[in-house]
Amino acid sequence: MKYYLAPLEGITTYIYRRAYHQHFAPMDKYFTPFLVPHTKKGFSTKEKNDVMPEHSPGMNLVPQIMSNQAESFLHTIEKLKVYGYEEVNLNLGCPSKTVVSKGRGSGFLADPDGLDRFLDEIFKKCDVKISIKTRIGKDDPEEFARLLDIYNQYPVEELIIHPRVQKDFYKNQPNLGAFHDAVEESKIPLCYNGDIFTPESYEEMKREFPQVDTFMLGRGILMNPALLDLIRMREKTDVKKTTDIDVTEWKKEETSRKMQSADRYKKEIHAFLEQIKCDYLEVGMGEKNTLFKLKELWAYMGQNAPEAKKALKRIRKSQSMADYDSASREALEDFILF
């Protein structure tokens, strides 16, 4: 099985990815938050920091580009090739209204003819691998059949599908029927992305799509940075369970393992957050902006600490790093891993 870390704008920066890679089960691929082409000769300092290979040691990093203009897309690829990149990812999934209003991200899906022309031009002129991250349409799942027909015409390296339409944002349930259609009709290797928040939900997707061997994890990792570790641990123990005769003894071992793992992973999450904090401060982010970044992470992680209401409130209201540190340690005590 292969696992990818989804790009989330402003969150999965090189500092987040580097800390994650050092503390938890490594991903097979990491994707940068989207780069929007511009007329500057080089990248901005922020963009450069995110794509510099030395900022992502030991990682298979794929830059993501958001554009609906072939010339701009190709120009950005040329800038990325300077850093040695041999694969890029086209963002056709971002549901943000500001992005969609410009016909980018999942907004581009509303213009299949324009998308077809765009893909035709970039694949004719590009000499690097191009993967695509897509939703199944802008307004209606019925749009997906046409989009898939378009994708199938090109040598797409990989098709990462988040089976929602743009207007869903992250609400409603993923449209598994549309993904089943992709499994049946796609000529392109597929990756599933969407609502994998626990080892159990991952296993449900594996049972639903046994032909698929690649999964992208996004909000689930933000909510629980140890998610992939737990998925891999679950796979190992499930093998043991199938070979064990004494199920009662296996259950006892499972309970003991979870208790020991919970303590270990809480310490690892604390170290992970500390590294993010220190790295942002070291690059001159400043205490106020670093606090904002940490609060943003806890907005996701707090969903796995429903009993830590007071500590989470203190995190949200903290105005100094000392206040944050105290509240963060308290919230981690009630963090639920399993």
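**A colleague's note on salt bridges, charge and sheet**

1. Let me start with R314, which counts as partly exposed at 34% relative accessibility. Please keep in mind throughout that this is a predicted model. R314 has a partner: its side chain forms a salt bridge with E330, and the closest N and O atoms are 2.6 Å apart. R314 belongs to helix α13 (residues 309–317) and E330 to helix α14 (residues 321–333), so this pair ties together parts that are 16 residues apart in sequence. E330 is likewise partly exposed, with a relative accessibility of 32%.

2. Salt bridges can also share partners, and here K29, E87 and E158 are joined in that way into one network. If you would like the overall tally, the structure holds 18 salt bridges.

3. How far apart in sequence are K206 and E235? Their side chains meet in a salt bridge, at 3.5 Å from N to O. This pair links distant parts of the chain, 29 residues apart, with K206 in helix α8 (residues 199–208) and E235 in helix α10 (residues 227–243). Neither residue is buried, because the cut-off for that is under 20% relative accessible area: K206 has 30% and counts as partly exposed, and E235, at 24%, also counts as partly exposed.

4. D120 and K124 offer a salt bridge inside one helix. Their side chains meet at 3.2 Å, N to O. Both residues sit in helix α5 (residues 112–125), and because they are four residues apart, about one helical turn separates them. Are the two ends of this bridge buried or exposed? D120 is partly exposed, with a relative accessible area of 29%, whereas K124 counts as exposed at 64% relative accessibility.

5. Now to the surface, where D149, D181, E184 and E185 gather in a patch of negative charge. Which element gives this patch its largest share? That is helix α7 (residues 176–185), which contributes three residues. One of the patch members, D181, is found in helix α7 and is partly exposed, its relative accessible area being 45%. D181 can belong to the patch because its accessible area passes the cut-off of over 30% that patch residues must meet.

6. K288 is worth a look on the structure above. You will find K288 in helix α12 (residues 287–301). With 72% relative accessibility, K288 counts as exposed, because exposed means over 50%. K288 and H162 are 126 residues apart in sequence, and their C-alpha atoms lie 34 Å apart in space.

7. The sheet deserves a point of its own. Nine strands form an open sheet with parallel pairing, and their order is β3-β2-β1-β9-β8-β7-β6-β5-β4. At the edges are β3 (61–62) and β4 (64–65), each of which pairs on one side only. As a general reminder, strands of a sheet pair through backbone hydrogen bonds, in either a parallel or an antiparallel way.

8. For a closer view of one pairing, try β7 and β8. Strand β7 (residues 159–161) and strand β8 (residues 190–193) run parallel and are joined by three bridges. Which residue stands opposite I161? In β8, that residue is Y192.

Key:
Residues are numbered from 1 along each chain as its sequence is written. This is a predicted model: local features need pLDDT of at least 70, side-chain atom pairs count only at pLDDT 80 or more; totals for chains, interfaces and linings use all residues. Side-chain values use heavy atoms; hydrogens and water are left out. Patches are made of residues with over 30% relative accessible area and no salt bridge: like charges are joined within 9 Å, nonpolar side chains (Val, Leu, Ile, Met, Phe, Trp, Tyr) within 5 Å. Accessible areas come from the Shrake-Rupley method with a 1.4 Å probe; for residues, only the protein chains shown count as cover. A salt bridge is a side-chain nitrogen of Lys or Arg within 4 Å of a carboxyl oxygen of Asp or Glu. Lys and Arg count as positive and Asp and Glu as negative; His and the chain ends are not counted. The place of a charge is taken as NZ of Lys, CZ of Arg, CG of Asp or CD of Glu. Helices (H or I, at least four residues) and strands (E, at least two) are DSSP runs, numbered from the N terminus. Buried means under 20% relative accessible area, exposed over 50%, partly exposed in between (1.4 Å probe, protein chains only). Two strands pair if DSSP finds at least two bridges between them.
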